[in-house]
Amino acid sequence: MSELIKIENYKRNLSKIFELNIENFQLNTGEILAVTGPNGSGKTTFLHVLSLLEFDVTEGTITFKNNIVNKKNFRQYRKKITFVSTHPYIFSGSIQKNIQLGLVNHNYSKAEIVELGDEILGKIGLLHRKKENASNLSSGLKQRLAVARALVFKPEVVLLDEPFANTDEETKKILINLIQIYNRNHNTSFIFSTHDHDITDKLTNKIRTIINGKYYPILIEY
Amino acid sequence: MDFFSEGILEGIKLIISGDKSLYSICFFTLYISIISVIAATIISLPISYLISSHKFRGKKLVILITNSLMSIPTVLIGLIGYGLLSHRGIFGKYNLLFTPYAIIFGQTLLALPLITSLFISVFKSSDERIRKTAITLGASQTRSFLILINEEKIVLFSTIMAGFARVFSEVGIAMMLGGNIRGYTRTITTTIALETGKGDFAQGVALGLILLFISFTINLFLNIISRKKSE
């Protein structure tokens, strides 16, 4: 397993009393990590830092495949990372249009866009409904669509913020299966935040903890 | 029958008769208003997006100025436009004054702060997950901007229609920059002003009714759009 993302001595003030502190974090290619911790401990912020949506490093370093990420190059690395929030945004239009968005952005051919889109829709049980308006889906189905939409263009890193929250057993099973398929077939790395230890056990034994903004590379009971 | 109701009756007769000059004035007004609003929209979209999505020094001042310019009097724009387009102005060599282009130029200036200001509000209040989700799915800055426009198209369109209503009903710019030349730069509002002054109340009323009808249609349209959005 080669090193994919590394964070060292990262500190960021989130408020006057709250600071995100990551002394040493590493994610390797094809690795699945679970991040746990109490509500409001900084799990979502941690995933945001990793997503490179914005570059906000004043203290410490972030490296991607041994290259230091900086203000000039962070956009080229974030193309390889995707992030799904707890309440994902579903774009207006059909389910098919939503699933194809990442493929279009990553310049897949027209045939691949249709083929890969339909293939993953089949895996999440939405192929027969692909022409329907995505905003009419239930929250659980929206979650399935959001995770599938993030995986379909084969990013190197997928960040999932509490992907199993508010989902039924069937959706949980489908999402776990999807994560395992992409991890096995495409060597995709995953980091997901969760409070659910049963689900964590099904996906990985590598559990990290964040308590009061401080990152621990081990599981700490809280 | 009093003077007013007589005018309305004559006006309705004129509309029904399909008077050629009356309808050519209406089409000309619609044409220049649409072109002006399209031009203002094309300019406003990137500007308002940049203002709303970036942090920079003086941002609040820029927004304050834009908001203040929303209610700028049309005659003032007419005056500025006259200064720019007249023979002594910096664009004087293009001989645009008293042409339809001059009205389009002035009306674009009129719609610009209104549309920009409303677009800024739309972008500021839009769901921040739209841009973030687009980016995490690999969209470039330009593409995420286009996705945002697509997501907010209904609100943006109603904003454009508000800009259209503003330019469609204005008189100062059309009069000062167009010169109210018959068959060339005469608009609905300048004709109403002229014909009423000449005592031809019926023609003024006919055009006034058409103006009202178009304004009513725009408002009805906006109402339908906002209802659709809230659904």
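How many salt bridges are there between chain A and chain B? The count is zero. This is a predicted model, and the contact between its two chains is a good place to start.

At the interface, 18 residues of chain B are in contact with 23 residues of chain A. About 1700 Å² is buried between the two chains. Carbon and sulfur atoms give 54% of that area. On the side of chain A, the residues that lose the most area to chain B are A:Tyr89, A:Phe91 and A:Asn105. Together these three account for 34% of what that side buries.

Now take chain B by itself. Its secondary structure consists of eleven helices and zero strands. From the N terminus on, every element is therefore an α in the run α-α-α-α-α-α-α-α-α-α-α. The C-alpha trace of chain B spans about 65 × 50 × 25 Å along its principal axes. Of the 231 residues in chain B, 45% are buried. Contacts reach far along the sequence: among those between residues at least 6 apart, 72% join residues at least 24 apart.

The surface of chain B comes next. Chain B exposes about 12300 Å². Carbon and sulfur atoms supply 68% of this exposed area. As for charge, chain B carries 21 positive and 12 negative side chains. The centres of these two sets lie 15 Å apart.

One residue shows the inside of chain B. B:Ser117 sits in helix α5, which covers residues 100-125. Is B:Ser117 buried or exposed? B:Ser117 has a relative accessible area of 5%, so it counts as buried, the cut-off being under 20%. Leaving aside residues up to four places away in sequence, B:Ser117 touches B:Thr66, B:Asn67 and B:Met70. B:Ser44 is 73 residues from B:Ser117 along the chain, yet their C-alpha atoms are separated by 8.7 Å.

Back in chain A, the backbone deserves a look. Most residues other than glycine have a negative phi. A:Asn107 is not a glycine, but its phi is positive, at about 55 degrees. A:Asn107 belongs to the loop between α3 (95-105) and α4 (110-123) of chain A. With a relative accessible area of 68%, A:Asn107 is exposed.

A:Asn187 also has a positive phi, near 60 degrees, and is a residue other than glycine. Its place is the loop between α6 (169-186) and β8 (189-193) of chain A. A:Asn187 counts as partly exposed, because its relative accessibility is 43%.

Key:
Residues are numbered from 1 along each chain as its sequence is written. Chains are lettered from A and ligands numbered from 1 in the order in which they are written. This is a predicted model: local features need pLDDT of at least 70, side-chain atom pairs count only at pLDDT 80 or more; totals for chains, interfaces and linings use all residues. Side-chain values use heavy atoms; hydrogens and water are left out. Helices (H or I, at least four residues) and strands (E, at least two) are DSSP runs, numbered from the N terminus. Buried means under 20% relative accessible area, exposed over 50%, partly exposed in between (1.4 Å probe, protein chains only). Contact means heavy atoms within 4.5 Å. Accessible areas come from the Shrake-Rupley method with a 1.4 Å probe; for residues, only the protein chains shown count as cover. Lys and Arg count as positive and Asp and Glu as negative; His and the chain ends are not counted. The place of a charge is taken as NZ of Lys, CZ of Arg, CG of Asp or CD of Glu. Buried area is the accessible area (1.4 Å probe) that two parts lose on being put together, summed over both. A salt bridge is a side-chain nitrogen of Lys or Arg within 4 Å of a carboxyl oxygen of Asp or Glu.
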